[in-house]
Amino acid sequence: MTARTTAEKLAELRVKTEQARDPGSERARARRDAAGHTPPRERIAELLDAGSFVEMGQLAKAPGSPDNPFGDGVVTGRGTIDGRPVVVYAHDNTVFGGSVGEGFGKKVCAIMDFALKVGCPIVGINDSGGARVQDAVTSLAYYSEISKRQYPASGYIPQISIMLGKCAGGAVYAPVTTDFVVAVKDQAYMFVTGPDVIKQVTGEDISMEDLGSALQQAKNGNVNHVAVSEHDAFMYVRNLLSYLPSSAAEKAPRINPGLEPAPTGSDLELDSIIPDSDNAAYDMHDVLIRMFDDGEFIETSGQFAPNIITGFARVDGESVGVVANQPLHLSGSLDIDASEKATRFMLLCDAYSIPIVYVVDTPGYLPGVQQEKLGIIHRGAKMGYAVAASSVPKVTFVVRKAYGGAYAVMGSKNLGGDLNFAWPTARIAVMGAEGAVDLLQRRQIEEAGPEEGPKLRKQLIDMYNEFIATPYSAAERGYIDAVIEPSQTRLVLRGALAQLRDKVRNEPPRKHPIAPL
Ligand SMILES: CC(=O)SCCNC(=O)CCNC(=O)[C@H](O)C(C)(C)COP(=O)(O)OP(=O)(O)OC[C@H]1O[C@@H](n2cnc3c(N)ncnc32)[C@H](O)[C@@H]1OP(=O)(O)O
């Protein structure tokens, strides 16, 4: 064979690179274009800083046939978001349906190893049918290899999944093992097995929409955020990453510190935000946007357990995680879903050294047969575990009700809150006035007769609210550090977190604690 010239070798490289650019079959690409979906490299380009993407493994192929397409169903590489390094992969649905084969698996494992080495986030853009059926055990082996790497990555480098297509099997299990899952409405579908397999196995008829739409999966907690378009998903993830450190060895970036150092008109509005009536609802978001820098709050898992709000904001430029009750849903009570949502969020904040701010207005854990049957005892207990387990600075504001066990797990000082404040509108007690009076003074009320009984009950309720369920009995005992005017909240929080910046907690020597049942 004659030696080829340098020019010929360069030409060969150009041909291969061109073939690798969009390597799916014409039919598969036409199907993608007709669905209005974008190719993986365009998706990556939109997510990352312009021109920052450097591809790794572009010429990888599945073994077996020289005709196998380049890339093997996934595009992998590195780039930057807001100038900070990230590793990224995007499934190529036009090659074996974006399923995981040997070349694919090796590429994803290689960039995961790379991210672990340099300590930077991994963002996965998912559009895949899961394990490659024709590859049998090889694809299962590589899914396991990927999962194995998710473990050391967990809590060390942020892992984020963006769902942009119909994803099944491992292509949903791997994403839910990451820190955040973002799915696009009317485009992303997630299920362990699709409608056809379900029909075959159980005989149940269900549409793709009802089974696995982004909205459906957001309601059960599989998805943290539903985006309205691919672009929206990428912008959400860029924003989300700005609240997180590149790795647990670093701090999240401090952005625009020093904003509004004196009370503002928006602060003053907090003084009239709590309704006079105990049972009137209000939107906790209206409180939150007045507590943090620039009125910005990025919510996570908004559609799952909306009775508790979780998300990120900034205080004097520093990232904080927020856990707040939402009186608009279930009166802000804690049910199983709320407990699991808040638990996961607190442990995530703790892993990335992000302080936690609690904003409390909850009548307690949700009573009910269904909740008990589903195990609220052990599932609800997780929340207390997470508060105690989190060693990051924790600052709590009780704005209205803090009743029963929910008082304890919403960042109480007794369970590990570092600095705890209450508004004068706070009611801190074992239970609400009605319940307490009916439990303790039932006989007295009955003896007063049908005329006087209800009047006496009302008097006792008023007395309980006036003298017992107040922030002052907690302040007297040191469980509340100060009762503050609501309009002071933003600046008090700023001062509290500045004081707690160097907080350290020494852990006892052990391998790891064990979460409640
Ligand atoms: C550990 C695990 O992951 S186990 C789970 C294994 N995966 C599965 O059971 C899912 C199998 N796939 C499916 O159910 C469907 O393909 C869906 C729901 C994901 C997508 O459905 P549709 O959008 O209708 O796409 P369609 O079924 O036509 O698939 C598109 C192409 O991808 C291929 N493909 C999809 N999934 C896979 C897969 N897992 N392995 C290999 N090829 C696949 C299809 O054969 C098809 O190829 P073609 O273009 O040569 O015809």
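Good morning. Let me open with two residues in this predicted model: Phe397 and Phe421 are both buried. Their rings have centres 5.3 Å apart and planes at 20 degrees; planes under 30 degrees apart count as stacked, so this pair is stacked. The pair links distant parts of the chain, with Phe397 in strand β14, residues 394-403, and Phe421 in strand β15, residues 419-422. The two residues are 24 apart in sequence.

Before I go on, a word on the chain as a whole. The protein chain has 517 residues, of which 49% are buried. It contains 21 helices and 17 strands. Along the principal axes, its C-alpha atoms fill a box of roughly 110 × 60 × 45 Å.

I return now to the aromatic rings. How many aromatic pairs does the structure hold? There are four. In one of them, Phe312 and Phe345, the ring centres are 5.1 Å apart and the planes stand at 50 degrees, so this pair is tilted. Phe312 belongs to strand β11, residues 308-315, while Phe345 belongs to helix α13, residues 336-351; the pair therefore ties together parts that are 33 residues apart in sequence. Phe312 and Phe345 are both buried. They also belong to a cluster, in which ring pairs link them with Phe180 and Tyr243.

Tyr243 has a charged partner as well. The charged end of Arg314 sits over the Tyr243 ring, 3.9 Å from its centre. A second arrangement of this kind involves Lys61, whose charged end sits over the ring of Phe70 at 4.5 Å from the ring centre.

My next topic is the ligand. Which residues come nearest to the ligand? Of the 17 residues around it, they are Arg31, Gly129, Ala131, Lys166 and Gly170. For three of these I can describe a polar contact. In the side chain of Arg31, an N or O atom is 3.1 Å from an oxygen atom of the ligand. In Ala131, a polar backbone atom lies 2.8 Å from a nitrogen atom of the ligand. In Lys166, a polar side-chain atom lies 2.8 Å from a ligand oxygen atom. On its own the ligand has 940 Å² of accessible area, and the protein covers 58% of this.

Where in the chain does the shell around the ligand come from? Helix α2 (26-34), helix α5 (137-153) and strand β6 (166-168) each supply at least two of its residues. Sorted by class, the shell has six nonpolar, seven polar and four charged residues.

Finally, I would like to show two residues located in loops. The first is Asn68, in the loop between β1 (54-56) and β2 (74-81). Is Asn68 buried or exposed? Its relative accessible area is 15%, and since buried means under 20%, Asn68 is buried. A polar atom of the Asn68 side chain lies 2.9 Å from the backbone oxygen of Ala62.

The second is Glu204, found in the loop between α7 (195-202) and α8 (208-212). With a relative accessibility of 46%, Glu204 counts as partly exposed, because the value falls between the 20% and 50% limits. Glu204 and Val387 are 183 residues apart along the chain, and their C-alpha atoms are separated by 41 Å.

That concludes my presentation. Thank you for your attention.

Key. Residues are numbered from 1 along each chain as its sequence is written. This is a predicted model: local features need pLDDT of at least 70, side-chain atom pairs count only at pLDDT 80 or more; totals for chains, interfaces and linings use all residues. Side-chain values use heavy atoms; hydrogens and water are left out. Rings of Phe, Tyr and Trp (its six-membered ring) pair if their centres lie within 6.5 Å; planes under 30 degrees apart count as stacked, over 60 as edge-to-face and the rest as tilted. Helices (H or I, at least four residues) and strands (E, at least two) are DSSP runs, numbered from the N terminus. Buried means under 20% relative accessible area, exposed over 50%, partly exposed in between (1.4 Å probe, protein chains only). A charge sits over a ring if NZ of Lys or CZ of Arg is within 6 Å of the ring centre and within 35 degrees of the ring normal. A residue is near a molecule or strand if one of its heavy atoms lies within 4 Å of it. A polar contact is a pair of N or O atoms within 3.5 Å; within protein, one must be able to donate a hydrogen and the other to accept it, and residues adjacent in sequence count only if both atoms are side-chain atoms. Accessible areas come from the Shrake-Rupley method with a 1.4 Å probe; for residues, only the protein chains shown count as cover. Ala, Val, Leu, Ile, Met, Phe, Trp, Tyr, Cys and Pro count as nonpolar, Asp, Glu, Lys and Arg as charged, and the others, Gly among them, as polar.
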